[in-house]
Amino acid sequence: MLQRALQTEREPLTELRILDLGAGNGMMGEVLKRDGVARLVGVDIIPEARDAAYRDRPTVYDAYYITDLSDVDARLRGELTEWNFDCLTCVAALGFGDIPPRAFINAVRLIKPTGWLAFNIKHSFLDDDDQTGFSRLVRALVFSRYFDVYHLELYRHRLSMEGRQLFYYALVGRLTAPLPEDFLASHNIAS
């Protein structure tokens, strides 16, 4: 879906500098690398995730950081900024408390002001009934003037341990302007 969105704008995937948030063991990174992205940097909060990525997919990431993006020190923020990211990917890591709203927003702020976002979320996170911080964040972003949706698709993500189908939305869009510092507060979203 990211590739299709890029094709609409006549931008090659091979020139993207991607930040893979919640990179885990590198499964998403492996697909991106296979498709020829220019640079790929993983970020996760769990050291064992990086260890698994380096063990199972040692050539996928140009760099892999272990950090909590909710509270990044100036040195690391500067180092991440130097990568000049123009795309953020995040697959199967959002909305369950794994990545808090503040961490996601901080990751988005590392992407250039007209960069791409490609992520997936459990389908219920787009329901009005869900008032969790992350659900409210995604709705606020999607309906804001700071983001254009290029593709939104409901799909079966996987089966649960009990054999139930679990549905997710995949979302690809483009930032239209930098997110303001008070984005979370102005939408009453706890970080």
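This is a dialogue on reading the sheet and the nonpolar cores of a predicted model.

Trainee: In what order do the strands of the sheet run, and is the sheet open or closed?

Mentor: One follows the pairing from strand to strand, and here 7 strands form an open sheet in the order β3-β2-β1-β4-β5-β7-β6, with mixed pairing. Its edge strands are β3 (63–66) and β6 (147–159), each of which pairs on one side only. On average, and with direction ignored, neighbouring strands of this sheet are turned by 15 degrees against each other.

Trainee: In which sense do β4 and β5 pair?

Mentor: Strand β4 (residues 85–90) and strand β5 (residues 111–122) pair in the parallel sense, over 5 bridges, and within this part of the sheet C90 stands opposite F119 in β5.

Trainee: Which strands does helix α3 touch?

Mentor: Helix α3 (residues 47–56) packs on the sheet and touches β2 (39–44) and β3, while its direction makes about 160 degrees with that of β3.

Trainee: How many residues does the largest nonpolar core have, and which of them have the most contacts inside it?

Mentor: A nonpolar core is a set of buried residues of nonpolar kinds joined through side-chain atoms within 4.5 Å. The largest one here has 40 residues, and L19, L21, L88 and F104 are those with the most contacts inside it. Helix α6 (residues 133–142) gives the most to this core, with 6 residues.

Trainee: What does L88 touch?

Mentor: Leaving aside residues up to four places away in sequence, L88 touches L19, L21, F104, A107, V108, I111, W116, L117 and A118. Apart from the largest core lies another, of 19 residues, among them L2, I18, Y64 and A118.

Notes. Residues are numbered from 1 along each chain as its sequence is written. This is a predicted model: local features need pLDDT of at least 70, side-chain atom pairs count only at pLDDT 80 or more; totals for chains, interfaces and linings use all residues. Side-chain values use heavy atoms; hydrogens and water are left out. Two strands pair if DSSP finds at least two bridges between them. Helices (H or I, at least four residues) and strands (E, at least two) are DSSP runs, numbered from the N terminus. Axes are lines fitted to C-alpha atoms, for helices over the stretch in contact, and angles run from 0 to 180 degrees between N-to-C directions. Contact means heavy atoms within 4.5 Å. Buried means under 20% relative accessible area, exposed over 50%, partly exposed in between (1.4 Å probe, protein chains only).
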